[in-house]
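I wanted to look up how the strands pair in this structure. These are my notes, in the order I took them.

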Amino acid sequence: MTDRVTVYADAIPLETDLLRAGQYAMVGDAKLAEAMLGTATVVSGFTLTPTAPASLAAVLGPGQVYQQENLEASPWSSMPADTHTIVKQGLLLDAVNLTFTPPTTVGYAQAFLVEVQYSEADTNPVVYPYFNASNPDVQYNGPDNSGSAQSSTRKGVVAYQIKAGVAATAGTQASPTPDPGWAGLFVVTLAQGATSITQGNIAPYAFAPFLPATLPQVPAAVQSGKWTYAEDSGTADNYVVTLTPNAGAPIKGQRIFVKFANSNMTTSPVINFNGAGNQLLLRKDGTAPAVGDVPVGWQEVFCDGTAIRFASVAKSDYSLIINATTINQISAALESNIKTTVFSAAQNTNMSNGAATSLVFTDASTADFTNNGAGVFTCQTPGAYNISISSTISTNLSQSGSNDVFVRIYVNGQSAAFNKSPYYAAGAATYDEYVLANLTAGILRLNVGDQIVFGGGVTVPSGFNSAVAKGFVAVFTRLF
């Protein structure tokens with residue numbers, strides 16, 4: 001509500017008081033509708049369905065149209081015409097049947113557009129009693145006692161009509177465009193000889209200005225993405241996409257998800273969004289796509305202002321031609337990064353029974369590892385390493401039995417690899433066991449400062465005299 005009519009006690013009311021009250025309410029509603037819907041024509045409701053039983057008629061269901069019109073297109077009782085424009089609401093409260101006539105030429109088809117617009121109608125005529133100034137006790141019937149009926153209601157209604165397109169060879173017929181001031185809703189296509197209308201003959205008009213959702217429906221519509229995706233209905237290299245609702249030509253920065261039906265066969269495909277005309281379809285960087293870059297299926301695209309581009313890299317961006325030369329180059333590059341460091345100056349190390357003892361090397365430090373001479377190697381070059389150890393452990397026993405010798409690899413005090421070699425001593429003697437050539441800790445990621453220790457030991461249940469580790473070799477292989 002905006003303005004309000006003011007009246008006073010004992011004052012004689014004027015007919016314009018009632019008229020202005022209704023007009024003010026209409027203006028208030030109109031401005032609220034304008035703030036929510038804008039000033040372009042919007043429609044809501046409205047369906048078009050076949051009759052039951054089927055016939056050459058279709059049923060236009062109830063709906064409403066919101067359209068900008070003059071405040072009063074013509075005088076309304078004592079109120080003059082007013083050319084101020086407001087958004088008015090026209091109502092169709094009851095369904096109506098619309099009848100269509102197919103073309104008569106054999107092999108032809110014809111498209112019919114159902115269109116609507118706002119209209120005003122002065123209705124509900126009534127013979128009003130009038131005041132008789134010459135004889136107040138006897139009322140007049142109608143103005144000047146003429147007995148004439150006058151309209152009692154100015155209605156906002158929906159006007160509807162069928163606009164026929166030009167009949168043409170079936171498959172080439174075109175849908176007509178709406179007349180000025182009218183909004184197209186549905187297209188009915190009939191072939192020559194048709195005797196009834198089915199739902200398959202009815203399609204929404206591509207530019208029908210239907211309200212896409214009510215306010216409670218907006219969050220779900222946004223989250224589902226239904227307003228920003230569509231399926232291609234064109235052919236390879238000539239893609240056609242229509243969004244619902246149809247907002248016209250895409251604008252710079254607009255992103256759309258498209259389900260393409262065909263891949264491109266050329267390097268100059270075009271895409272027509274919302275019937276706004278063809279635009280080039282380009283790679284993300286603005287260059288022409290390679291043949292096959294358009295995927296069959298979903299792809300996000302965006303408008304750069306003049307063309308449509310992929311929002312992600314194209315298929316050809318991932319292409320890699322592998323041949324013998326390329327494989328050899330890759331192999332050489334990998335091999336050039338591999339470096340092996342070997343420590344083999346083993347210092348014989350006495351073992352204790354049941355516990356690992358650090359194996360000591362006397363080799364000098366290298367660029368990749370320092371050797372503290374007490375069995376600790378410290379990494380100086382970070383990388384991925386394969387680490388292995390081999391060793392011979394000699395045991396001296398005083399009696400026979402089942403025994404084990406073992407080696408371990410420790411990284412920063414934690415065991416990274418372990419293996420043992422069982423053997424049977426037949427009596428009191430000295431035995432040499434070559435323990436697990438190339439015990440490996442697998443591939444380990446080492447950082448500067450990480451420490452590696454190699455350990456060896458024996459497990460002798462009884463008769464243990466002594467054990468010595470000798471001839472051990474440690475190998476560090478940096479892979480990358």
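**Strand pairing notes**

I began with strand E28 (residues 383-397), which pairs with E33 in the antiparallel sense over 12 bridges. The model is a predicted one, so I read each pairing below as computed from predicted coordinates. For a register point on this pair I took serine 390, and found it opposite valine 473 in E33.

Next I asked which other strands are joined to E33. One of them is strand E21 (residues 339-343): five bridges join E21 to E33, which I noted as spanning residues 464-478, and the two run antiparallel. To fix the register here I looked up threonine 340, whose bridge partner in E33 is threonine 477.

Strand E23 (residues 349-351) is also joined to E33, by three bridges, and again the two run antiparallel. I checked threonine 349 and found that its bridge partner in E33 is alanine 469.

**Three-stranded sheet**

I then turned to an open sheet of three strands. In what order do its strands lie? I wrote down E2-E3-E6, with antiparallel pairing. The edge strands are E2 (48-50) and E6 (96-99), and each of these pairs on one side only. From one strand to the next, the twist averages 35 degrees.

Within this sheet I looked at strand E3 (residues 57-60), which pairs with E6 in the antiparallel sense over four bridges. Which residue of E6 stands opposite alanine 57? I found threonine 99 in that position.

**Seven-stranded sheet**

The last item was an open sheet of seven strands with mixed pairing. I recorded its order as E14-E16-E19-E20-E18-E17-E15. Strand E14 (229-231) and strand E15 (238-241) are the edge strands, each pairing on one side only. I noted that the twist averages 35 degrees from one strand to the next.

I picked one pair from this sheet to follow by residue. Strand E17 (residues 270-273) and strand E18 (residues 278-282) run antiparallel and are joined by three bridges. For the register of this pair I looked up isoleucine 271, and its bridge partner in E18 is glutamine 279.

Terms used. Residues numbered from 1 in each chain as written. Predicted model: local features only at pLDDT ≥ 70, side-chain atom pairs only at ≥ 80, totals over all residues. Heavy atoms only, no water. Pairing = 2+ DSSP bridges. Axes fitted to C-alpha atoms, helices over the stretch in contact; angles between N-to-C directions.
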